[in-house]
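Subject: Structure handover

Hi,

Here is the structure I promised to pass on. Please load it first; my notes follow below.

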Amino acid sequence: RRIFIFRQGTEPMDQARQIIEAQLRSGASKIGMAVRLFPFLRKKMQFFADRISTTAEKGIPGLTEGSFYIVAAEKKGFPPLAEQTLAHVMENMWLTATAHGVGFQMLSVTNGLAKNTQFMQLLDLPPKEWALNGCIIGMPKHPPKGKRERETEHFIRWVE
């Protein structure tokens, strides 16, 4: 496993941001085209297509506001547990950040960067051999809105 930390205001962070933004624009274009060409996908994918298009257009605020962009890499192998392992890594970072009152934002676009030669060169890792996951950590410039209360009986069922 490898952990890479990009600090805001550095050249590597600027490079990572440019690669991520290009990846988002490319993904938005492909999904938008699929939704237009295949109307049967519209109902299932329209919300996601709109969301990724808006994100590609406006950017990800955390990439310019967050103190650190952290990328965790796990070598792929057999059995194929890299993605599951990275989920645990991210969960631990999330719990730790939350315990210390630090902002945490998953950055799902990181997963797709494992196939991006330019990004993998930035990490000095061979493409397609590693799984990636990432997050942004820092003190938010704009505090999040209030948390919504959830009634657990809507999603937890005791099997007795």
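I'll start in the middle of the sheet. Ala-72 has Asn-133 of β4 as its bridge partner. Bear in mind that this is a predicted model.

**Pairing around β4**

Strand β2 covers residues 68-75. Eight bridges tie β2 to β4, and the two run antiparallel. Besides the Ala-72 pair, look at Val-71: Gly-134 in β4 stands opposite.

β4 also pairs with β3, residues 103-106. Here there are four bridges, again antiparallel. Met-106 faces Cys-135 of β4 across this pairing.

**The whole sheet**

The sheet is open and has four strands. Their order is β1-β2-β4-β3, with antiparallel pairing. The edges are β1 (2-7) and β3, each of which pairs on one side only. On average, neighbouring strands are turned by 25° against each other, direction ignored.

Helix α4, residues 82-99, packs on this sheet. α4 touches β1, β2, β3 and β4. Its direction makes about 10° with that of β4.

**How enclosed is β4?**

Strand β4 spans residues 130-138. Nine of its nine residues are buried, so β4 is largely enclosed by the rest of the structure. Buried here means under 20% relative accessible area. In a regular strand, side chains alternate between the two faces of the sheet. Both faces of β4 are covered. One side holds Trp-130, Leu-132, Gly-134, Ile-136 and Gly-138, all buried. The other side holds Ala-131, Asn-133, Cys-135 and Ile-137, and these are buried too.

Two of the bridge partners named above can be placed on these faces. Gly-134, opposite Val-71, belongs to the side with Trp-130. Cys-135, opposite Met-106, belongs to the side with Ala-131.

**Helix α1 and Glu-21**

Helix α1 lies across β1 and β2. It runs at about 100° to β1.

Glu-21 sits in α1, which covers residues 11-37. Is Glu-21 buried, partly exposed or exposed? Its relative accessibility is 27%, so Glu-21 counts as partly exposed. The cut-offs for that class are 20% and 50%.

One distance to go with this residue: the C-alpha atoms of Glu-21 and Pro-126 are separated by 21 Å. Along the chain, the two are 105 residues apart.

That is what I have for now.

Best wishes

How values were computed
Residues are numbered from 1 along each chain as its sequence is written. This is a predicted model: local features need pLDDT of at least 70, side-chain atom pairs count only at pLDDT 80 or more; totals for chains, interfaces and linings use all residues. Side-chain values use heavy atoms; hydrogens and water are left out. Buried means under 20% relative accessible area, exposed over 50%, partly exposed in between (1.4 Å probe, protein chains only). Two strands pair if DSSP finds at least two bridges between them. Axes are lines fitted to C-alpha atoms, for helices over the stretch in contact, and angles run from 0 to 180 degrees between N-to-C directions. Contact means heavy atoms within 4.5 Å.
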